[in-house]
Each structure stands twice: as structure tokens, then as C-alpha cells.
Amino acid sequence: MMKSLLTYLMCLAVVVSFASCDNVLDVEPKGQQLESNYYQTPDQAFAALVAAYNPIGWQTGGPDGTFINILGPLNSASDGMNAGGGGPNDVTAWQAWNSYDLSSAVGPQAGYWSRSYAGINRANLLLQRIEGVQGLDEATKARYVAEARFLRGYYYFWLVRLFRNVPLITEPIETSEIYQQEQAPPADVYAQIDEDLSAAIADLPKAPLPSNEAGRATKGAARAFLAKSLMYEIGDGQDQAKMQRAANLLNQVNTSTAYELLDNYPEIFSPDNKYHSESIFEITHTAKQQADWGMFGSGNIQGNVYVQFVGARSYSGPTYNSGYGFNPITSKLVNALQGDPRYDHTIVDIGSMADNGTASYEPGFEDTGYFIKKFAPLQEYTAESGTIELNYPNNYIEVRLAGTYLLEAEALVRLNGSSDTRAEALLTEVRDRVGLGPVTPTLDNIYREMQLELATEGHRWFNLVRTGRAADVLADEGFQEGIHEVLPIPLESLNNSALEQNNGYE
């Protein structure tokens, strides 16, 4: 029987040390067993594949061993949430992106960079060594190669969106070569993403996967990410051929019998309802690892620590556990969701609970009284062992069907105008699920639906930058056009390297 991806993730540190060192590109594993003795048996090949998946779910680690969850910084950078926390110096990486006071030394860039290049290195190693594995049947080998290429495309998609100018490395490199790497033209990175994800589609399985393979890549996930990459590359431009290709890929996902919108919106986010029909690519978390603070800097914590971060500080009352007070929701998003059926499943109004005496909490930095509901630290999921803060089981659905519906609708409207009947049907279906009536599929209406449907899920900042609206929408946050569409290259990666800093950063 195929071993569970989750099981391997939990014991990865025991199976083999794939932890990355703190050099410029995170390309050299600390565990030299990997170089000399690994990739000889089918079990070792699978462990190597899981190692390539592992950085996707990193909560801690990176160059400084701190918290590097992908959602917190992105939400802080958007107009929907503040950084919050205990004060202006609490998790300075988030605070810097929240106020756009970024520099090469201050910001979340090191964590994103480390996460992606660690994954790329692991995928490259597997792709190079897999032909030497004895006893691996051809179908399994083809799937592993497809998954490794999917993962390499996935990690490069994160890098090119966040940094634009990044080294393009498609095979393992020697330590002596690390600091010689130069940034590739973004078009070359997008072309590699296209090549990897297109190649992966052929040998990836269709969804749904059996339960013991949950969290692994599928044809639908590869098509969705390829479409998203094409749309991001186009930006607010008019490349009709790529737009049509993205629409076609999204249509294949959205018409697949493997996927279906859930009838009940809050069930999308329930830890009791993982890998459901609306989930296209889901990042796995679990409380079964029983993690404690001694594991914090390892990068191998499997709980969702972000859940702890977004709870209200010193909270006392029903339903929720106390948290750290990060990412309080802004009045702008609160007002945008007022009257929308998704409000109560997106926002929890702790401030009102405190006012009426049903709960109490300590207002944190930039507190608004409004907190994230989709990832709230619910008492019913309190870990029975290990450190509670590190063991929430909430998965993160990075791509879900409602999002691909709306992205296809956008592509079709940009191709054909607001009279496109399929775009109207897609937008209507997303709204009908929560009891809202139809609206004309204009870009403004589609973008507003993306904002509300996907609120607090880490997509808002990317969508604003991709569509050229960030400079206007985020002007009050400190966003400067021509600079803040990307993050600075991390300082530790610039030092003594051939890399050049992105425009506007020191």
C-alpha cells in the first residue's frame, strides 16, 4: 500500500536530514547521506519526493529559524488586515510589509526565498537521481517525475510573483557555484514554469485521490497553477493567446467531475472536512505530530501555527482559544462584507463580544476588534498533547474551485467582454452558493467577488498587483508603484553574490 504523504511528513526529520543550510540559495542539504547513499530504493525515492513537498507547509525555519507561514505576511500587506500582534516590533517582517517599510534586511522575503529554493533543490535532486533507483516500476517513476516537476513549477511561481528577478536553477549545483548564480529574465522563469507544469499534467493522477495520498499533486492542480501563472505573467496586459490558453485550462478544471462547490460555505474551512470536492490544492497540517517548542526552528512542525497567531490576545470566553492578535481585520474589509452572507464565516467580532460581556481580550497593536474566522483557534481543536499553539490541524486550501471559477470568468471577460454567458454563469454560481443574486460579469464585479469570496485566504495582494490596481488600492498603506510590486532580494542572498537588488530597495 502506498505510504501516506502525511505520515512521511511527520517523520521526515528521522528518515533523512533534508534541512537546508543558510546560504544564498538554500541549495546544499546538511545531511550528506543524501548525496552519497540516497536514491537507491523505492522507499528512499518516495522519502525524497516527500522532502520536496515538505517546504510547502513550513511554519517555522528559514535562515533565522523564525515563523515563516505564507499567509501572515501576505495578509499584512493587503488592505484587508493589519499586521497586529503585541506591538510595532512584534514579528518585524510582517510589520514591514504592512507599512511598506521594506529593506533587504527587514521583511518576510528570507522565509519565502528559503522555502522556495529548498523545495526547488529537493525537486532537482530527485529528478537527477531517480533514474538510478532500483526496483521502481515505470508508472511510479513517471508519477514521481511529474510530481517533482509540478513542485519545481510551483516553487518558481511563488518566486517570480514575489521577487520577479530570480536565479533559474534546474539541476543540482555545487557549493562553489552558489554565489555565481545570476537572475534570469522573468520570461525565462515563466517559460520554465509552463514547461514543468505542462509536462507534469500527463503523468499526474486525476482527482480525487485516495485518502492515503491526500495532499499530493493532481492534473487539476497542475492545470490550475499553470493558468494562474499565465494570468500573472499577462498582468494587466492584453496577450490574448495566453489569456485564451489560461481560460481553456481553467475550463478543464472547472468542468471536471472531480470538483464541485460545497453547498455550505463554512464547511470549506472546517478541520473536520479536509480534501473535499472544492479543494484543488491543499496544504496539509495535523495535530498528530505533538510538536513542542523544541522543534520550533526545525521547519518540520506539521501543525498550523498561523491559527494561533490570528486569535485574540488574552482571550477569555466561549468558542475560541487565546492567540497572539495578528492580522486583525480592517474596517475597509469589514465594511465591504457588511450584508454579505459570508461575513459571519469570515470575520469574528471579538470587540462586540467584549462590549456585551460575553468575552474579554487584550487589544493588540492596530487592533480593530475584528479577527479572522476562517483560521480562528477554535477550542474544539485544542491539541490533547504537545504544545497547543503549535498543533492546530487546520489545512490551508491554496487553490479552491470558487477561485478558479472567478479566474476563468475574469479571463473570459477580458477576452470577450461582459456579455460572455459562461463568465456570467461562473460568477452566478459562486454567488448563488451563498444566496446572492446574479450581477453583470464586469471586471469590477468579478474583482469584488474575489475580494469577498477569498477574503483572508492570502490572495488579495497578489490579485491587486497582478491586475495593476495595487498602487491605487494600497496607496494609503504606503505602497509605491514601481517598487512594491515585488519584495526585496534578501540581504543574506545578496551578500557576496552575483545577484542584483530589485528596484527601489537598499
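Student: Which residues does Tyr112 touch?
Tutor: This is a predicted model, where local features need pLDDT of at least 70, side-chain atom pairs count only at pLDDT 80 or more, and totals for chains, interfaces and linings use all residues. Residues are numbered from 1 along each chain as its sequence is written, and side-chain values use heavy atoms, leaving out hydrogens and water. Skip residues up to four places away in sequence, and Tyr112 touches (heavy atoms within 4.5 Å) Ile70, Pro73, Leu74, Trp97, Trp158, Leu162, Phe163 and Leu487.

Student: Which helix gives the most to the largest nonpolar core?
Tutor: That core (buried, under 20% relative accessible area with a 1.4 Å probe; joined through side-chain atoms within 4.5 Å) has 137 residues, and Tyr112, Phe150 and Trp461 are among those touching the most other members. With 14 residues, spanning 138-163 as a DSSP run of at least four, the top giver is helix H8.

Student: How many residues are in the other core, with Tyr320 and Tyr361?
Tutor: This core lies apart from the largest one. Ala312 and Ala376 are also among its members, and its size is 10 residues.

Student: Which residues lie nearest the centre of the largest cavity?
Tutor: Picture a space where a 1.4 Å probe fits on a 1 Å grid but cannot get out. The largest one holds about 240 Å³. Its lining (an atom within 4 Å of a point) has 17 residues, and those nearest the centre are Lys228, Gly403, Leu407, His459 and Asn463.

Student: What is the volume of the second largest cavity?
Tutor: Its lining has 18 residues, with Asp79 and Arg460 among those nearest the centre. H18 gives the most to that lining, with 3 residues. The volume, the space filled by probe spheres set on the points, is about 150 Å³.

Conventions: Buried means under 20% relative accessible area, exposed over 50%, partly exposed in between (1.4 Å probe, protein chains only). Helices (H or I, at least four residues) and strands (E, at least two) are DSSP runs, numbered from the N terminus. On a 1 Å grid over the protein atoms alone, a cavity is a set of points where a 1.4 Å probe fits but cannot get out, and a pocket is an open set with protein on both sides within 12 Å along at least five of seven lines; lining residues have an atom within 4 Å of a point.
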